[in-house]
Amino acid sequence: MPNKWRQALRNPLALSGFIIIFGILLLAILAPFIAPYDANAIDVKAILLPPSLQHPMGTDGLGRDVFSRMLFGARISLLVGIVAVGIATSIGIFLGAISGYYRGWVDVVIMRLVDVMLSIPTFFLILAVIAFLTPSIWNIMIVIGLTSWMGVTRLVRAEFLSLRGREFVMASETLGARDFRMIFIHMLPNSLTPIMVSFVLGVASAVLVESGLSFLGLGVQAPQASWGNILTDGKEYIQFAWWLSLFPGVAILLTVLGYNLLGEGLRDVLDPRANNTR
Amino acid sequence: MERPLLLKYLSLRMGTLLSLGLLLTACSKEPGGNAADFDQSYPPSSGGTLIDATAGEPSGLIPMIAGEAAASAVASNIFNSLLKYDKNLELQGELAQSWSVSPDQKTITFKLKPGLKWADGKPLTSADVLFTWKLVTDDNTRTPYGSDYKLVIRAETPDVATFRVSYANPYAPALDSWAGLQILPEHLLKGQDINTTSFRFKPVGSHYYKLEEWKPGERISLVRNPNSTQGPPRIDRLVSRFIPDPAAQFLELLADNIDSMTLNPIQYSRIVPSREDLQKKLALYKELGNNYTYLGFNLKHKPFDDIRVRQAINYAIDKQELIDGVLLGLGEPVSSPYKPGTRWTNPDLSPYPYDPNKAIALMKEAGYTGRDKEGYLLRNGKRLSFDILTNQNKQREMSAVLVQRRLKEIGIDANIRVMEWASFIGRFIKTGDFDVVLLGWGLSLDPDQYSIWHSSQQAPGQFNFIGYNNPRVDKLLEQGRLELNPDKRMKIYHEFASILLADSPIVYLYAGYGLPAIHKRVKGIDNPAPPAGIGYNSYDWYIPPPLRRNEISQ
C-alpha cells in the first residue's frame with residue numbers, strides 16, 4: 001500500500017486533486033484561527049461591502065464577513081460530504097457483501113431494491129424527505145446517506161461475485177471458514193479499491209447535494225453558514241454584489257473538482273489491471 | 001472526427017452571429033433609442049401599455065373566492081365597490097353617488113350613480129348589489145370574507161338605484177366593509193355555483209378595464225372598458241406578467257421588459273442609485289408601509305404566559321438595528337398596530353427601548369437567576385430555549401438572525417426555523433404548535449382588529465393564534481365596533497393600543513416602506529406618495545407617445 005500511495009502522488013491527476021482537498025481540509029480545520037471575524041458577527045454599518053483588505057471576500061446583506069463565513073462553511077460542506085458518504089458506503093458494503101456472497105433470493109431482493117431506489121431521482125427523493133423533517137445538518141447527512149448507497153452496493157456485489165471464484169476464497173471455504181470470516185477477512189479487503197474510489201467520488205456529489213439543499217433553503221439553517229446558503233443570499237444581488245456568488249461558487253467548484261480528480265487518479269493507480277500492464 | 005467538429009464549430013459561429021444580429025436589431029428598436037429623455041415633461045395623452053409583474057398567478061378573478069393578493073390586484077381594475085378610499089384615506093363613493101346613515105346608526109342607504117353599465121352593456125342596478133351581498137353571505141360560498149356582511153340583518157332594494165342594509169347593532173366597520181366588496185353581475189352569475197363557475201376566468205366587471213386575454217402561466221392583459229362606470233382611464237392596456245422570483249422580476253425591470261415592480265431596500269438604496277443608466281429610466285417612490293413585522297409569542301406555552309419574560313425579550317431587541325440592517329433605514333418603528341402617522345395610531349406611545357440590562361433584570365424577576373457555563377440564563381436548572389419560526393422571506397429571515405443574536409446576548413437560546421408558507425400555516429399556526437413566530441400583519445384602513453385580538457377568535461384557522469386573552473381589550477374591541485363617532489372611536493383604539501403595548505403579546509419589530517419603482521415613461525404619478533400610496537390615481541397615469549415601447553405583437 002505505501003508503495004501505491006507514492007505512486008498515487010506521482011499521478012498528476014491524483015496529486016492535484018489531493019492538494020486541493022488537503023488545502024480545503026486544512027482551511028476548514030484551522031477556520032477558527034484563520035477567520036478574521038466571528039462568522040456570525042453582524043455589523044449593520046458594513047452591509048454588502050465589496051472585497052477589501054478588511055474583508056477579503058466582502059460582506060453580506062447583514063454585514064457579516066464572507067471570508068470567515070466561507071471558512072466555517074467549508075467545515076459544514078466537508079463534514080456533510082464525508083459523513084453522508086460514510087453512511088452510504090457502510091450500507092452499500094453491507095448489502096453488497098451479503099448480496100454477492102449469498103446470492104440466490106437474497107441477491108434478487110437486494111438488487112431489485114437497488115433498482116427501485118435508482119429509479120427515483122435522488123435529489124427529489126431527498127427534497128421530499130427533508131420536507132417532512134426539520135432541516136438540520138444531521139438530518140441532511142442521514143438523508144443523503146440513506147439515498148445514495150445503491151452504487152456502492154452494486155460495486156461491492158460485483159467484486160464479491162468475481163472473488164467467489166478465486167482460488168484463495170475457495171481455499172478458505174474448503175478449510176471451513178465461517179461466513180463472517182470469509183466476508184470480512186478474505187473478501188472485503190480485496191474489494192477495497194473500488195470502494196475507496198467510489199467513496200471519494202461520492203463525497204463530491206454529496207457536497208453538491210448539500211449546497212443544492214442549502215441553496216433551496218432546506219439545508220443548513222441560518223445563521224449557520226454553508227456555501228449553499230451564502231450562494232442563495234447572493235442570488236438576489238448577483239449583478240451588484242458579485243462577491244456573494246463568486247466565492248462560494250468557486251469553492252464548490254474546486255471541492256467537487258478536487259474530489260473528482262483524486263477519485264479518478266486513485267482509480268488509475270489502484271486498479272490492479274492498470275497496474276499489471278506496467 | 002475532423003468534419004463533425006468543424007461543422008459543430010461553424011454552426012456555433014452561425015448561432016452567435018445570428019443571436020448577435022438579433023441583439024443588434026433589438027437594440028435599434030429600443031423606444032427612442034439613446035436620445036429619449038425620460039425626465040422631459042409631456043402633456044397628458046391616452047394610449048399605451050403598462051406592464052407589471054406579479055409573483056403569483058391568480059386562481060381566478062372573483063376576489064371574494066380567490067382570496068389571494070395576486071387575484072385582488074388584477075380584479076381591482078375590473079370590478080367596482082360601492083365605496084372607495086381617496087388619496088387621504090377618506091371614504092368616497094365609487095358606484096354609490098351618496099350614502100346616508102340613519103339616526104339610530106343601524107341602517108345605511110346607498111344611492112347608486114345614474115346610468116351605470118356592465119362592460120357587456122347591460123345596466124348595473126341595486127339588484128346586482130343585493131345579489132353580491134347574498135353571494136358573500138351564502139354558506140355555500142367558500143369565502144373568508146363573509147363575516148362582516150353576515151351582520152346585516154336585512155338588505156333591500158327599494159328601487160333600481162337604492163340599496164339599503166340594516167344591522168342589529170351599530171357596526172362601525174360597516175362602511176369600510178362596503179368599500180371592500182366588489183360588486184358582481186347578477187345576469188351572468190345567477191343560478192351558477194360561484195365556487196366553480198367559469199366566470200372566474202372570463203370576468204365581466206364595470207371598472208376601468210376589462211379582461212382581454214389570460215395566457216395561463218404567462219400573463220393577464222386588460223384593455224380599457226368602454227362602458228367604465230368611472231370614466232375612461234388614460235392608459236389603454238394593463239399587462240400583468242407572472243414572474244415568481246423577485247430577482248428575476250428585477251432583471252426584467254432592468255431589461256425594460258416590465259414597467260413597474262416593488263423593490264427591496266437593497267435594490268432601492270444601493271443598486272439603482274449606483275447605476276446611472278437605471279437612474280435615468282427608473283423613478284423610485286416611497287409609500288407608507290401597509291404591514292408590520294412582529295415577533296409573536298404563543299401565550300399558552302410557558303414561559304411566554306409570563307409578562308415579564310415577554311417584556312424582557314421586547315427590551316432585549318434593538319428595533320433601530322433591525323430597521324437599519326434589514327430595511328437599510330427604509331422603515332419605521334411601530335408601537336400601535338396601525339399605519340404609522342394615521343389617525344388610529346396612538347401618538348403617545350413609543351416602542352420599548354433597547355435596554356439589555358432591564359431585560360436581564362426582568363428575566364431575574366421571572367425566576368431566571370442562574371447561568372450555565374455558556375452564559376445562558378437558567379430557571380430551575382433549565383435554559384429558556386425555543387424555535388423562532390418564520391416563512392421563506394428574506395427580510396424575515398434576516399430579522400430572525402438579528403433577533404437571535406440579541407437574545408443570545410442576554411442569555412436566551414433561540415433557534416431559527418425557516419419554512420415554506422403552506423406547511424408553516426398548516427403544521428404550526430393552525431395547530432398552535434409553536435413557541436415564537438416571526439410574521440407580519442397587514443394594516444387595514446379600518447381600526448377594527450377584533451379577529452386578531454379578541455379572545456373568542458382562537459379556534460384553529462382563526463387569527464388569534466397566539467392565544468391573546470385580555471378582558472379589557474375584548475371590551476374595547478366590542479365597543480369600537482359599535483362606536484360610529486370617529487373621535488370617540490379613536491380614543492377607544494388608542495387605549496387598546498396602549499394596553500397591547502404594555503402587555504407585549506407580540507414584539508413590534510418594524511413597518512417597512514413600500515418601495516415601488518416605475519419606469520419614467522409613465523407620467524402623472526404623485527410624488528411624494530399620498531397616504532393612500534401612489535396607485536390611487538393610476539387611471540390618470542399616462543405614457544407619452546414618444547416614450548411608448550413598441551407594442552408586443554402576439
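This report walks through some backbone oddities, a few strands and helices, and one chain-to-chain contact in a predicted model.

Residues are numbered from 1 along each chain as its sequence is written, while chains are lettered from A and ligands numbered from 1 in the order in which they are written. Since the model is predicted, local features need pLDDT of at least 70 and side-chain atom pairs count only at pLDDT 80 or more, whereas totals for chains, interfaces and linings use all residues.

**Backbone oddities in chain B**

Let's start with the peptide bonds and phi angles. Helices (H or I, at least four residues) and strands (E, at least two) are DSSP runs, numbered from the N terminus.

| Residue | Feature | Value | Place in chain B |
|---|---|---|---|
| B:Pro303 | cis peptide bond from B:Lys302 | omega near 0° | loop between β13 (291-297) and α11 (307-316) |
| B:Pro528 | cis peptide bond with B:Asn527 | omega about 0° | segment after β22 (516-519) |
| B:Gln105 | positive phi, not a glycine | about 65° | loop between β4 (96-101) and β5 (107-112) |
| B:Ser504 | positive phi, not a glycine | near 55° | loop between α18 (486-503) and β21 (506-512) |

How do the two positive-phi residues sit? A residue is buried if 20 or more other C-beta atoms lie within 10 Å of its own, exposed if 12 or fewer, and partly exposed in between, with C-beta atoms placed from the backbone. B:Gln105 counts as partly exposed because it has 17 C-beta neighbours inside 10 Å. B:Ser504 is buried, with 21 other C-beta atoms within 10 Å.

**The helix before B:Ser504**

B:Ser504 follows α18(B). This helix has 18 residues and reaches 26 Å from its first C-alpha to its last, close to the 26 Å expected at 1.5 Å a residue (the expected span is 1.5 Å times one less than the number of residues). Its buried residues include B:Ile492, B:Phe496 and B:Leu500, along with B:Arg489 and B:His494. The buried residues of α18(B) pack against α17 (471-482) of chain B.

**Strands around β7(B)**

Two strands pair if DSSP finds at least two bridges between them. Strand β7 (residues 162-167) of chain B is joined to β5(B) by 5 bridges, and the two run antiparallel. Strand β6 (residues 152-156) of chain B also runs antiparallel to β7(B), with 4 bridges, and a hairpin of 5 residues links β6(B) to β7(B). B:Ser166 is worth a look: B:Thr107 has it as bridge partner, and B:Arg154 stands opposite it too.

**Where chain B meets chain A**

Two residues are in contact if their C-beta atoms, placed from the backbone, lie within 7 Å. On that basis, 19 residues of chain B are in contact with 15 residues of chain A. Which element gives the most to the chain B side? That's α14(B), with 7 residues. The chain B side divides into 10 nonpolar, 3 polar and 6 charged residues. Here Ala, Val, Leu, Ile, Met, Phe, Trp, Tyr, Cys and Pro count as nonpolar, Asp, Glu, Lys and Arg as charged, and the others, Gly among them, as polar.

**A helix pair in chain A**

Helix α11 (residues 192-215) of chain A packs with helix α13 (residues 243-270) of chain A at an angle of about 170°, with their axes 9 Å apart. Axes are lines fitted to C-alpha atoms, for helices over the stretch in contact, and angles run from 0 to 180 degrees between N-to-C directions. So α11(A) and α13(A) are roughly antiparallel to each other (angles over 145 degrees count that way, under 35 as roughly parallel, 65 to 115 as roughly perpendicular and the rest as oblique). Among the contacting residues are A:Val200 and A:Leu208 of α11(A) and A:Tyr259 and A:Leu266 of α13(A). By class, this contact has 14 nonpolar, 5 polar and 1 charged residues.
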